[in-house]
Amino acid sequence: MRKSHPVRRAVLAGAATVSGIVLLLSLKPASDPGSAQAAGQAPPAAAGQAPQGGVNGAVTGDAAQTQYGAVQVRLTMNNGRITQAEAVQAPKGGRSDQITSSSVPRLNQAVVAAQSAEIDAVSGATYTSAGYKKSLQSALDKAKASAGSQQGSGSAQTLTGDVAQTQYGPVQVRVTVAGGKITKAEAVQAPKGGRSDQITSSSVPRLNQAAVAAGNAQIDAVSGATYTSAGYKKSLQSALDNAPAGGGQAAGSGGGQAATRTLTGSVAQTQYGPVQVRVTVTGGKITKAEALQAPKGGRSDQITSSSVPRLNQAAVAAGNAQIDAVSGATYTSAGYKKSLQSALDQAGG
């Protein structure tokens with residue numbers, strides 16, 4: 001048997017090595033999420049996923065109209081992650097109460113677990129689930145836009161207020177805040193139909209301008225548009241309440257104090273009507289508490305006027321939601337405490 005010549009063996013070995021290197025270089029880098037994570041990289045974000053842009057605070061989605069009523073979702077985010085989801089509006093009345101009370105908590109949990117709008121509908125609550133997901137997606141879109149604005153300008157943030165119901169239709173305001181100032185204001189919802197079209201087209205631009213000029217919700221009502229103006233100011237204030245601490249006057253009613261925040265709790269439904277609380281927190285302490293909504297009509301007027309001031313005082317004194325119910329106002333007290341706690345949750349407890 002002929003022995004291979006040493007030079008020939010060396011040439012063949014060298015050729016094999018070169019071929020191997022060429023093949024390795026031609027391979028495409030792994031692109032699956034698992035490989036990316038193994039390499040210390042974050043996997044690509046899926047459609048609808050919570051933006052990882054350091055977004056902090058509350059983001060409220062647009063109200064989604066369903067066959068049984070409106071659904072509106074608010075997210076609380078910490079460094080781009082969803083830490084809490086809640087429905088500030090959901091179908092109510094008749095069987096809707098049962099469906100809402102059963103489905104909404106499950107949808108809220110699903111959002112926090114999924115960190116996106118890719119959640120399953122709750123069986124038996126098809127319309128509520130669809131409206132929830134639609135409003136949720138709009139909240140995520142706003143958070144994503146806010147993250148992009150913050151990266152681009154360093155301080156710009158888009159904030160959407162709660163829907164304010166008026167005698168002639170809902171009003172909802174969205175503002176852009178940069179450097180602690182309102183740079184843009186717009187009404188994403190306003191009364192429409194019949195004469196409302198004329199009033200809206202005339203009053204809303206003036207209200208938008210006034211909001212930018214004032215830098216807060218302390219603006220004058222437009223003559224001839226009393227209800228629209230009131231709804232606009234209410235929604236505008238709720239939008240400003242969502243601004244992070246240190247946002248100057250536009251961050252709430254703190255008059256530019258960096259450590260002052262105004263926080264509005266979710267609406268708590270009670271047997272006699274909704275209760276919603278707003279608190280001002282300065283230096284980690286509650287300095288003011290007020291009820292934006294409380295049961296009214298008939299005997300409720302008397303109970304509300306008697307109990308709410310006492311609940312406000314108790315909240316400031318306690319500095320938290322662990323306050324005693326007012327005698328004779330059990331339902332109002334329970335709703336007050338629930339809304340108060342949701343407001344404090346936004347401040348980190």
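**Close-up views of a predicted model**

Tyr272 is partly exposed, with 48% relative accessible area. That value comes from a predicted model, as do the others in these legends.

**View 1. Tyr68 meets Tyr127 edge-to-face.** We start with one of the three aromatic pairs in this structure. The ring centres of Tyr68 and Tyr127 sit 5.4 Å apart, and their planes make an angle of 70°. This pair ties together distant parts of the chain, with the two positions 59 residues apart. Tyr68 comes from the loop between β2 (64-66) and β3 (69-78), while Tyr127 belongs to helix α4 (residues 126-153). Tyr68 has a relative accessible area of 49%, so it counts as partly exposed. Tyr127 is partly exposed too, at 42%.

**View 2. Tyr272 meets Tyr331 edge-to-face.** Back to Tyr272, now with its partner: the centre-to-centre distance to Tyr331 is 5.4 Å, with 70° between the planes. Here again the pair links distant parts of the chain, 59 residues apart. Look for Tyr272 in the loop between β10 (268-270) and β11 (273-282), and for Tyr331 in helix α8 (residues 330-346). Tyr331 has 42% relative accessibility, so it is partly exposed.

**View 3. Thr166 sits buried in strand β6.** The strand in this view spans residues 164-166. Thr166 counts as buried because its relative accessibility is 18%, and the cut-off for buried is under 20%. A polar atom of the Thr166 side chain lies 2.5 Å from the backbone oxygen of Gly169. Setting aside neighbours within four places in sequence, Thr166 touches Val171, Pro191, Tyr227 and Gly231.

Technical notes: Residues are numbered from 1 along each chain as its sequence is written. This is a predicted model: local features need pLDDT of at least 70, side-chain atom pairs count only at pLDDT 80 or more; totals for chains, interfaces and linings use all residues. Side-chain values use heavy atoms; hydrogens and water are left out. Rings of Phe, Tyr and Trp (its six-membered ring) pair if their centres lie within 6.5 Å; planes under 30 degrees apart count as stacked, over 60 as edge-to-face and the rest as tilted. Helices (H or I, at least four residues) and strands (E, at least two) are DSSP runs, numbered from the N terminus. Buried means under 20% relative accessible area, exposed over 50%, partly exposed in between (1.4 Å probe, protein chains only). A polar contact is a pair of N or O atoms within 3.5 Å; within protein, one must be able to donate a hydrogen and the other to accept it, and residues adjacent in sequence count only if both atoms are side-chain atoms. Contact means heavy atoms within 4.5 Å.
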